[in-house]
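Here are my notes from going through the model you sent. Have it open in your viewer while you read.

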Amino acid sequence: MALPQKLRDALSLPLVAAPMFIVSNPELVIAQCKAGIVGSFPALNARPAAELEAWLQRITGELDAYNTANPGRPAAPFAVNQIVHGSNDRLQHDLEMCVKYQVPIVITSLGAKEIVNDTVHSYGGITLHDIISDRFARKAIEKGADGLIAVAAGAGGHAGSTSPFALVQEIREWFDGPLLLSGAIATGDGILAAQAMGADLAYMGSAFIATVEANAQQAYKQAIVDNTSADIVNSSLFTGVHGNYLRPSIVAAGMDPDNLPDGDISSMNFGSGGDTSAKAWKDIWGCGQGIGAVKDVLPAAELVARLQREYRAARGRLLAA
């Protein structure tokens with residue numbers, strides 16, 4: 001399975017930190033990249049649109065300075081997530097910023113378009129596309145994506161319902177390019193398990209909510225620590241697309257998490273709250289099922305160091321078996 005060189009050679013751990021709406025910010029991305037994993041953020045997190053250029057200036061500037069000071073241990077590349085859905089009226093502007101700053105990796109979600117892939121390829125960038133099924137995976141590659149992110153059951157935010165075992169197996173029957181796996185991965189053991197199943201890299205989000213740098217309320221971070229998979233609710237109410245959310249945030253918004261109506265996909269508007277007055281991601285907190293492994297709020301570098309120790313230990317156990 002061929003990973004692009006810029007990914008294969010730059011990582012201290014086979015891990016990409018997922019872009020999280022509101023939560024991912026320059027501080028978190030820079031810390032993740034310096035720790036040796038791909039840091040990422042949704043372009044829509046930079047608001048208003050003009051703020052995206054300031055974010056890209058800061059991230060590229062700080063990482064360039066770090067690489068100059070640490071030539072033997074440069075930072076990992078970063079990624080920007082683009083929502084390729086009709087509701088995103090910023091897509092053209094945000095893509096132009098990615099071209100201007102030559103963003104190394106662009107993660108596309110909720111729509112695969114050749115023009116987006118061609119634009120990123122024009123300066124040598126890599127595109128990875130979020131998918132929840134083999135059918136969508138095939139469409140993404142047909143449209144020119146370089147790699148796939150298999151968002152399996154248990155992932156935070158908008159997530160699929162297919163077992164990671166089934167999803168990776170089906171994709172690997174025909175695709176030998178870069179494949180990432182998302183879904184309840186919050187430990188170094190889980191990263192190794194993703195590789196054992198056939199993925200090149202793991203894709204982890206929720207564990208990074210409980211980091212010092214994350215742009216999340218302290219109550220949100222503590223809820224990641226205090227809750228487990230039993231506290232995750234899957235619903236389409238909040239954005240029109242099925243996603244996984246923390247039960248306590250739904251209760252706090254005055255709703256019964258066990259009796260939520262379906263949402264309307266035609267009302268999808270990121271950050272609007274869909275069919276409710278509570279805002280998705282801000283008031284209704286996205287989260288995956290892997291949070292039972294999260295015990296403390298830590299700096300991102302310490303979380304990555306913990307994952308590295310767990311990953312090495314897991315590999316050691318397998319080699320000794």
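The points below cover backbone geometry first, then aromatic rings, then one helix residue.

1. Before anything else: this is a predicted model. Please read every angle, distance and accessibility below as a value computed from predicted coordinates.

2. Where is the cis peptide bond? Look at the step from R47 to P48, where omega is near -5 degrees. As for its setting, P48 is in the loop that runs between β2 (39-42) and α3 (51-69). If you build a topology from this model, that is the bond I have in mind here.

3. Next, Q102. Its phi is near 45 degrees, so to speak on the positive side, and Q102 is a residue other than glycine. Q102 belongs to the loop between α4 (91-100) and β4 (105-109).

4. A184 goes on the list as well: phi is about 65 degrees, again positive, and again the residue is not a glycine. You'll find A184 in the loop joining β8 (179-182) and α8 (188-197). Is A184 buried, partly exposed or exposed? Partly exposed, because its relative accessibility is 38%, and that falls between the 20% and 50% cut-offs.

5. On to the rings. How many aromatic pairs does the structure hold? Four. One of them is W174 with F175, a tilted pair with 5.6 Å centre to centre and 50 degrees between the planes. The tilted label applies because 50 degrees sits between the 30 and 60 degree limits. The two partners fall into separate burial classes: W174 is partly exposed at 29% relative accessible area, whereas F175 counts as buried at 9%.

6. Another aromatic pair is F238 with Y245. This one is edge-to-face, with 5.1 Å between centres and 75 degrees between the planes. Are F238 and Y245 buried or exposed? Both are buried.

7. There is also a charge over a ring: R135 lies over the face of F136, at 4.6 Å from the ring centre. If you look at cation and ring geometry in this model, R135 and F136 are the residues to pull up.

8. Last, Q308, which sits in helix α11 (residues 300-320). Why does Q308 count as buried? Because its relative accessibility is 17%, which is under the 20% cut-off. Leaving aside residues up to four places away in sequence, Q308 touches S12, L13 and A35.

Methods: Residues numbered from 1 in each chain as written. Predicted model: local features only at pLDDT ≥ 70, side-chain atom pairs only at ≥ 80, totals over all residues. Heavy atoms only, no water. Helix = DSSP H or I, 4+ residues; strand = E, 2+ residues; numbered from the N terminus. Buried < 20%, exposed > 50% of the residue type's maximum accessible area, 1.4 Å probe, protein only. Contact = heavy atoms within 4.5 Å. Phe/Tyr/Trp six-rings, centres within 6.5 Å; stacked < 30°, edge-to-face > 60°. Lys NZ or Arg CZ within 6 Å of the ring centre and 35° of its normal.
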